[in-house]
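Me: I would like a close look at a single part of this structure, namely its sheet, together with the setting in which that part is found. Please give one connected account.

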Amino acid sequence: MNMYTKRECSQGIPVLESPRLILRRITPEDCEDLHQYMIHPLVQRTISFEPQTLLFPARLYRYFAACYEGLRDLHWAIESKQSRSIIGVCSLQHWDRLQGKARLGYLLSPACWRQGYATEAARSLIHFGFESLELNRIEARCSQANPASERVLQKCGMAYVKAVPAGSGKRGEEEMLMLYAINRG
């Protein structure tokens, strides 16, 4: 795999493939489906997007486009090879080139839950992060109320580190999240 710098990623994030998935740059057309997944009540409980980002698909796309420009967060649409449809999004967020770390994130359509897609996408990004971005550490956070996401992180080889505050949350109360991490090698 090639090593990608921020400059190279600014020219286009690479397409990644796994046995059942294609991970690629998000297009405006993808945001119709992604928007529907993100506003689903079951998904809303698990994500930290600001409500104004999710008002409508065009605004969601502007958010992703700004991320591609700034390269602090790298987002991939998750496309099913079988159906050729977008089933979710996965990300390496808070990319810190100097410290060699990033935060893994993902979300799927509820119709695709518990089928191994999140694990497959997350493993692809972990591999890309270590091999192509030369990250030393990848972290992820999940709610204690989301054991399925915790299992995804464990299946990817990540280990529990500690509980961390969620920050000023949309829920109006201070929730604690479980921090997981994996180091290169």
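Reply: The model is a predicted one. Its chain exposes about 9,600 Å², of which carbon and sulfur atoms supply 49%. Of the 185 residues, 48% count as buried. Six helices and eight strands are present, and along the sequence they follow the pattern α-β-β-α-α-α-β-β-β-α-β-α-β-β.

Turning to the sheet, eight strands form an open arrangement with mixed pairing, in the order 1-2-3-4-5-6-8-7. Strand 1 (16-17) and strand 7 (159-165) stand at the edges; each has a single partner strand, so one side of each is left without a neighbour in the sheet. For strand 7, the pairing with strand 8 (residues 176-183) is antiparallel and consists of six bridges. Within this pairing, V164 stands opposite L177 of strand 8.

The wider setting includes the largest nonpolar core, which has 50 residues. The members that touch the most other members are L23, F64, W76, L92, L104, I138 and M158. Helix 5 (residues 117-131) gives the most to this core, contributing eight residues.

L23 merits a closer description. With its neighbours within four places in sequence left aside, L23 is in contact with P14, V15, L16, W76, A77, I78, C90, A121, S124 and L125. Among these partners, W76 is also one of the core residues that touch the most other members.

For the chain as a whole, residues 24 or more positions apart account for 61% of the contacts with a separation of 6 or more.

Notes:
Residues are numbered from 1 along each chain as its sequence is written. This is a predicted model: local features need pLDDT of at least 70, side-chain atom pairs count only at pLDDT 80 or more; totals for chains, interfaces and linings use all residues. Side-chain values use heavy atoms; hydrogens and water are left out. A nonpolar core is a set of buried Ala, Val, Leu, Ile, Met, Phe, Trp, Tyr and Cys residues joined through side-chain atoms within 4.5 Å. Buried means under 20% relative accessible area, exposed over 50%, partly exposed in between (1.4 Å probe, protein chains only). Helices (H or I, at least four residues) and strands (E, at least two) are DSSP runs, numbered from the N terminus. Contact means heavy atoms within 4.5 Å. Accessible areas come from the Shrake-Rupley method with a 1.4 Å probe; for residues, only the protein chains shown count as cover. Two strands pair if DSSP finds at least two bridges between them.
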